[in-house]
Amino acid sequence: MAKDIVTVCLPAMPFEGWEEALKAAMAPFDMNRTDPPGEGQPNWEWDWYHVYGGDGDTGLPVRPGHESDPHIIHNPVFSNGQPRAPRTMHCDGGTRRLLDFETARSVKAAEAGRRWDAMSRFAAPYAPARPFGHFRRKFQENPEGYPWARARADYLEQPLLQALMQAPPDSSILQERGGAADCIGTDRDEYVRREASRVIPTNMLLTLEGVWIDGTLDPVHNPGLPRGEEYFLFADEYLMSLDGDAFVIRVRFHS
């Protein structure tokens with residue numbers, strides 16, 4: 001059993017109707033239902049949920065000047081009924097036009113660009129390295145002939161990775177070490193786009209069409225739907241393309 005946050009999209013409607021619309025959108029995924037889902041029907045995903053975007057960066061960013069807009073959604077209590085402090089910069093939901101996806105993404109994109117540039121300068125003296133995904137795929141294709149321990153060792157033994165791990169404390173790359181290795185094997189635009197795509201989406205997305213997408217699932221259990229990096233790119237583009245009157249709401253759920 002676990003908790004996570006799903007980003008729910010609802011069509012344009014009078015503001016006072018969003019709670020009933022949310023109930024209707026979430027209902028097909030209720031684990032408390034007594035009727036088993038039929039073929040092609042949604043899987044059960046939650047046994048309780050609560051409108052909650054978090055009290056940190058997981059909340060939805062509010063467009064400047066709209067912090068007091070009555071169409072911003074902020075649940076005043078936690079799931080246990082205890083009061084939450086009012087917030088201004090982030091919220092639990094609202095119409096797309098009141099949410100500042102653009103600024104939040106641009107900040108992340110700028111950070112990613114600086115990180116890629118720093119890694120590019122650091123990597124210049126070394127032979128090109130392969131990303132970890134290359135070695136993971138080799139393991140997945142032949143786990144007996146190419147075990148996980150070897151995949152990890154081959155990745156880490158590359159000269160660039162060795163240099164990165166051994167960078168002295170005063171090296172400028174030290175400030176980027178947390179994500180520097182992720183730059184390996186990418187071009188700048190690809191890396192920046194990938195990093196920016198993780199700012200707004202959560203691990204799960206419930207689309208206007210009523211499709212619940214779990215980006216954490218293996219493709220075997222999530223056939224035909226995006227997952228992993230592909231999921232975040234899809235979810236980011238989907239949320240950015242929503243009409244200004246569509247609702248975007250963060251919902252914390254238990255499953």
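**A look around the predicted fold**

Asparagine 203 comes out as partly exposed, since its relative accessible area is 28%. That puts the residue between the two cut-offs, as buried means under 20% and exposed means over 50%. The model here is a predicted one. Asparagine 203 sits in the loop that runs between α7 and β7, the latter covering residues 204-206. Its side chain makes a polar contact with the side chain of aspartate 4, at 3.3 Å. Setting aside neighbours within four places in sequence, the residues in contact with asparagine 203 are Asp4, Ile5, Ile213, Asp214, Gly215, Thr216, Tyr231 and Phe232. Alanine 109 is another matter: 94 residues away along the chain, its C-alpha is separated from that of asparagine 203 by 20 Å.

Stepping back, the protein chain has 8 helices and 9 strands. Its C-alpha atoms fill a box of roughly 60 × 45 × 35 Å along the principal axes. There are 255 residues in the protein chain, and 40% of them count as buried. Contacts tend to link distant parts of the sequence: among those between residues at least 6 apart, 70% join residues at least 24 apart. The accessible surface adds up to about 13900 Å², with 52% of it belonging to carbon and sulfur atoms. As for charge, the chain carries 27 positive and 38 negative side chains, and the centres of these two sets lie 6 Å apart.

Threonine 7 belongs to strand β1, which spans residues 3-10. This threonine counts as buried because its relative accessibility is 0%, and the cut-off for buried is under 20%. Its side chain makes a polar contact of 2.7 Å with the side chain of threonine 202. Not counting residues up to four places away in sequence, threonine 7 touches a mix of residues from later in the chain, including Ile200, Met204, Leu205 and Leu206. Leu239, Val248, Ile249 and Arg250 are also among the residues it touches.

Next come the helices. Helix α2 takes in residues 101-123, 23 residues in total, and reaches 32 Å from its first C-alpha to its last, close to the 33 Å expected at 1.5 Å a residue. Its buried residues are Phe101, Arg105, Ala112, Gly113, Arg115, Trp116, Ala118, Met119, Phe122 and Ala123. An α-helix has 3.6 residues a turn, so residues three or four places apart point the same way.

Helix α7 covers residues 188-196, with glutamate 195 lying in it. At the start of α7, a side-chain oxygen of aspartate 187 reaches to within 3.3 Å of the backbone nitrogen of aspartate 189. The buried residues of this helix are Tyr191, Val192, Arg194, Glu195 and Ala196. Glutamate 195 makes that list because its relative accessibility is 13%, with buried meaning under 20%. Apart from neighbours within four places in sequence, glutamate 195 is in contact with Lys108, Ala112 and Arg115. Of these contacts, Ala112 and Arg115 are among the buried residues of α2.

Glycine 133 is found in helix α3, residues 132-141. With a relative accessibility of 13%, glycine 133 counts as buried. Glycine 133 and valine 8 are 125 residues apart in sequence, and their C-alpha atoms are 31 Å apart in space.

Key. Residues are numbered from 1 along each chain as its sequence is written. This is a predicted model: local features need pLDDT of at least 70, side-chain atom pairs count only at pLDDT 80 or more; totals for chains, interfaces and linings use all residues. Side-chain values use heavy atoms; hydrogens and water are left out. Helices (H or I, at least four residues) and strands (E, at least two) are DSSP runs, numbered from the N terminus. Buried means under 20% relative accessible area, exposed over 50%, partly exposed in between (1.4 Å probe, protein chains only). A polar contact is a pair of N or O atoms within 3.5 Å; within protein, one must be able to donate a hydrogen and the other to accept it, and residues adjacent in sequence count only if both atoms are side-chain atoms. Contact means heavy atoms within 4.5 Å. The expected span of a helix is 1.5 Å times one less than its number of residues. Accessible areas come from the Shrake-Rupley method with a 1.4 Å probe; for residues, only the protein chains shown count as cover. Lys and Arg count as positive and Asp and Glu as negative; His and the chain ends are not counted. The place of a charge is taken as NZ of Lys, CZ of Arg, CG of Asp or CD of Glu.
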